[in-house]
Amino acid sequence: MDPADHTVTGSIFDSDVLEEGDTYEFTFTETGTFEYYCSLHPEMEGTIIVTDEETAGNMTDDNNDNDDDMDS
Ligand SMILES: [Cu+2]
């Protein structure tokens with residue numbers, strides 16, 4: 001939604017320059033922790049943590065079964 005251009009740039013993925021309203025999608029095929037940054041504004045950084053299917057399934061089950069654990 002930012003009128004400024006940005007990129008999503010990491011070790012195994014890299015978007016083109018994204019303009020306002022653009023989206024970028026990448027499917028991870030391995031687990032791990034992946035740092036990324038914006039090549040136009042290198043101070044803009046993020047981290048993506050990819051977990052295996054078993055862990056992801058458990059997280060979904062917890063959310064469905066325990067509404068008390070939800071923050072809102
Ligand atoms: Cu940027």
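**Entry 1: the sheet.** I looked up the strand order in this predicted model and found an open sheet of three strands, arranged E1-E2-E3 with antiparallel pairing. I noted E1 and E3 as the edge strands, since each pairs on one side only.

**Entry 2: the pairings.** I then asked how many bridges join E2 to E3. The count is six, and these two strands run antiparallel. For E1 and E2, I recorded two bridges, again in the antiparallel sense.

**Entry 3: Tyr36.** I followed one residue of E2 across the sheet. Tyr36 in E2 is the bridge partner of Gly10, and Tyr36 also has a bridge partner in E3, namely Gly46.

**Entry 4: cover of E3.** I checked whether strand E3, residues 45-50, is well covered or hardly covered. Strand E3 is hardly covered, for none of its six residues counts as buried. I add a general remark: side chains in a regular strand alternate between the two faces of the sheet.

**Entry 5: Glu20.** I turned next to a loop residue. Glu20 lies in the loop that runs between strand E1 (9-10) and strand E2 (32-37). Is Glu20 buried or exposed? I entered Glu20 as exposed because it has 10 C-beta neighbours inside 10 Å, and the cut-off for exposed is 12 or fewer.

**Entry 6: surroundings of Glu20.** I asked which residues Glu20 is in contact with, leaving aside neighbours within four places in sequence. They are Met1, Asp2 and Pro3. I also looked up the distance from Glu20 to His6: the two are 14 residues apart in sequence, and their C-alpha atoms are 8.8 Å apart in space.

Note on methods:
Residues numbered from 1 in each chain as written. Predicted model: local features only at pLDDT ≥ 70, side-chain atom pairs only at ≥ 80, totals over all residues. Helix = DSSP H or I, 4+ residues; strand = E, 2+ residues; numbered from the N terminus. Buried ≥ 20, exposed ≤ 12 C-beta atoms within 10 Å, placed from the backbone. Contact = placed C-beta atoms within 7 Å. Pairing = 2+ DSSP bridges.
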